2 protein chains.
Amino acid sequence: MQALNTTKRLMSTKQFPLFKSLLYSSHDPADCTQVLKVHSYTPKVGADESILLRTLAFPINPSDINQLQGVYPSVPEKTLDYSTEKPAAIAGNEGVFEVMSVPQGERRLAVGDWVIPLYSNTGTWTNYQTCRDAGTLVKVNGLDLYTAATIAVNGCTAYQLVNDYVQWDPSGNEWIVQNAGTSAVSKIVTQVAQARGVKTLSVIRDRENFAEVAKELEERYGATKVISETQNNDKDFSKDELPVILGPNARVRLALNSVGGKSSGAIARKLERDGTMLTYGGMSRQPVTVPTTLLIFNGLKSLGYWITENTKRNPQSKIDTISALMRMYGDGQLQPPEADIKKIEWDVQKMNDEQLLEAVKNGIQSNGKSVVVLKW
Amino acid sequence: MQALNTTKRLMSTKQFPLFKSLLYSSHDPADCTQVLKVHSYTPKVGADESILLRTLAFPINPSDINQLQGVYPSVPEKTLDYSTEKPAAIAGNEGVFEVMSVPQGERRLAVGDWVIPLYSNTGTWTNYQTCRDAGTLVKVNGLDLYTAATIAVNGCTAYQLVNDYVQWDPSGNEWIVQNAGTSAVSKIVTQVAQARGVKTLSVIRDRENFAEVAKELEERYGATKVISETQNNDKDFSKDELPVILGPNARVRLALNSVGGKSSGAIARKLERDGTMLTYGGMSRQPVTVPTTLLIFNGLKSLGYWITENTKRNPQSKIDTISALMRMYGDGQLQPPEADIKKIEWDVQKMNDEQLLEAVKNGIQSNGKSVVVLKW
């Protein structure tokens, strides 16, 4: 087989273009931009047996940054496949690609298809990528660029948080309470819940333009009601005003926590007996804190949620989730995320390595969600 | 039927003795001893249809005190059955009784049987009690007085904590980590676990006689290893010394928390992936605090445990638990709790109401586990 492969490679008529990727060989928790390098190379895998992908866009996610810092529990193996001196990995875990060529006989994908990686650690901060197994790619034809580039993490997270832990009764007055109500995931949560017939109480930080932000979350993103962290932590509010907001026979069945600290305890308090709180982030950098009495006497279940682990255990669940989300985008039930995204252009023809590195570093250091868009 | 019952009562040959109970009609969170009153009465229920019970001993549990304070979520209904001016309830939830008489045809119980109530809120701080349904009593013949008086809460809690949440593999090197290692429940946990082939790491507060206390917990109560809270919170200890203590291929599968605060986070950190932490108490009065990363990346499940709710949902589970514990006491696998108990005597013949009330108040205000023993 080895001999045959070699022969085949020598006989190959296909050739790879020059690859350019953002690689790292080490980690730096203090300043992760220091470990990123732009590197050009020709892949060592055979062009005939590989699917060739051209990158269209990739987000800069917090988990990508945590990987560079060396504080993320899931990391790609570092290899010498990219002809580097030290073993290296391509940064990034999410992105949308266009299929440029497929091996002979590959029926699952066609040239021109838009695809996203099924698994994390694929390496997406690159102009091209290769893939040996079409089963590790998910087609997302028909999505807009920004939705496709971010559906694998934010979209799937929001969808599974809403749908995978509670058997909702859409004829009931059933609620989700969540903090960090302005986050990208939270905005998708409210829309997915609305489509599911589930109401959402979104907690956001106190701010001067509270009314304006609340209005946008309610009118544009389908939050049923937006309250402030001050209200979230106010026992009188919970006793007097909250029941009026929730209405008769309300059941607050699920709490979604991506903040931690006092905020997590306060949303947990709003759950009915035997409710579940799912923690999927920790923006406050405070631990998750819940009153002892909630656990003992109210049957609170405090669990975590991690899309990476869920997908590893059950890859089909992610494929199904993406399909469901694509239908919802197609039906207009979900707003594309473009308005909230800070765009960074990578002009593949014109930008040199220094300019590319600088642009990505700026994306890492800026607040908010950055997506790098490749201009071919 | 009503007429028949009345006739029957008039024809009754049986008569109740004079009942004397510790009752409360109100609550006081600041000083709950103020709401307790000693009251004598003849029950309104018919003596012929009732099982008459004589109290042998009852503990003063934290949950009994919380009920008097009005801060416990499960409370008995207050009634006028005891011929009080205001509706009242008998204090206490646990205790051991001797059967004095049974209605004609009652086969499940015999005079002289020792029994404990299946459910909470039965009212045990009394010299006599009545019962209409033998199915709400569990026979505990053969147990010593102190074990019988405390098996329903501490014993059942410890047994179910160990056995109901993890499918243990006794051939593996499997561990429970728990804080408050000197508590009555923790001491039963270590013995139940030892009998089950499960190892225990018990965390206790730092103290001058640490070595002495640790030795007793290990040698007398079967703890595999006792460590201090300082060690529990020390990351170097967890990295360097703990693996040596646990040994090869160790799996720390269950954490039992009755402290809260930092201690709860520190025992949760010692769990393997997808481990469970059960909270059943909160001695530090701090909320349960766990690192966000444990929930998201380590699959930590943080749940609560409450024997009262478990029994309400599945009464048979408590009956089965008591049977299992009785076998273990019979086999000598469990140490009776007498050594740790502060005894308070209620001399039924000699003590007046003031003396009784004073004795019980002292029990409420003292540290440690008090059991009131009735001298007949």
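Let's start where the two domains of chain A meet: domain 1 of chain A and domain 2 of chain A bury about 430 Å² between them, with 47% of that on carbon and sulfur atoms. Keep in mind as you look around that this is a predicted model. Three residues stand out on the domain 1 side: Y72(A), S120(A) and D340(A) supply 58% of the area that domain 1 of chain A buries against domain 2 of chain A, more than any other three residues.

So where do these domains run along the sequence? Domain 1 of chain A comes in two stretches, 19–150 and 337–374, while domain 2 of chain A covers 156–308. The contact between them draws on six residues from domain 1 of chain A and five residues from domain 2 of chain A. If you mark the centre of each domain over its C-alpha atoms, the two points are 33 Å apart.

Now zoom in on the charges at this meeting place. Side chains of opposite charge can pair when their charged atoms come close. Between domain 1 of chain A and domain 2 of chain A, the count is one salt bridge. You can find a salt bridge between K187(A) and D340(A), where the closest N and O atoms are 2.4 Å apart. D340(A) is also one of the three residues picked out above for buried area. Four residue pairs are in polar contact across this domain interface, both partners being at pLDDT 80 or more. On the domain 1 side, the residues touching domain 2 of chain A sort into three nonpolar, two polar and one charged.

Next, step back and bring in the second chain. How is chain A placed relative to chain B? Turn chain A by 180 degrees, with 0.0 Å of shift along the axis, and it lands on chain B with an RMSD of 0.0 Å. That is why the pair can be described by a two-fold axis. Both copies use the same surface, too: 100% of the contact residues of chain A recur in chain B.

How much do the two chains bury between them? The answer is about 2,100 Å², 64% of it on carbon and sulfur atoms. On the chain A side, L295(A), I296(A) and F297(A) supply 25% of the area buried against chain B, more than any other three residues. In terms of contacts, 27 residues of chain A meet 27 residues of chain B.

There are charged pairs here as well, with four salt bridges across the interface of chain A and chain B. Try looking for R313(A) and D274(B), which form a salt bridge with their closest N and O atoms 2.6 Å apart. Several elements of chain A each bring at least two residues to this side: β14 (288–290), α9 (292–297), β15 (301–304) and α10 (307–313). By class, the side of chain A that touches chain B has 14 nonpolar, eight polar and five charged residues.

Finally, widen the view to the whole model, where the count over all chains comes to 36 salt bridges. Take K20(A) and D353(A), whose closest N and O atoms are 2.7 Å apart in a salt bridge. This pair links distant parts of the chain, with K20(A) in strand β1 (residues 19–24) and D353(A) in helix α12 (residues 353–365), 333 residues apart.

How values were computed:
Residues numbered from 1 in each chain as written. Chains lettered and ligands numbered in written order. Predicted model: local features only at pLDDT ≥ 70, side-chain atom pairs only at ≥ 80, totals over all residues. Heavy atoms only, no water. Domains from an automatic or database assignment. Contact = heavy atoms within 4.5 Å. Buried area = accessible area lost by both parts, 1.4 Å probe. Salt bridge = Lys/Arg side-chain N within 4 Å of Asp/Glu carboxyl O. Polar contact = N/O pair within 3.5 Å; in protein donor to acceptor, adjacent residues only side chain to side chain. Nonpolar A, V, L, I, M, F, W, Y, C, P; charged D, E, K, R; others polar. Least-squares fit on C-alpha atoms with pLDDT ≥ 70 in both. Helix = DSSP H or I, 4+ residues; strand = E, 2+ residues; numbered from the N terminus.
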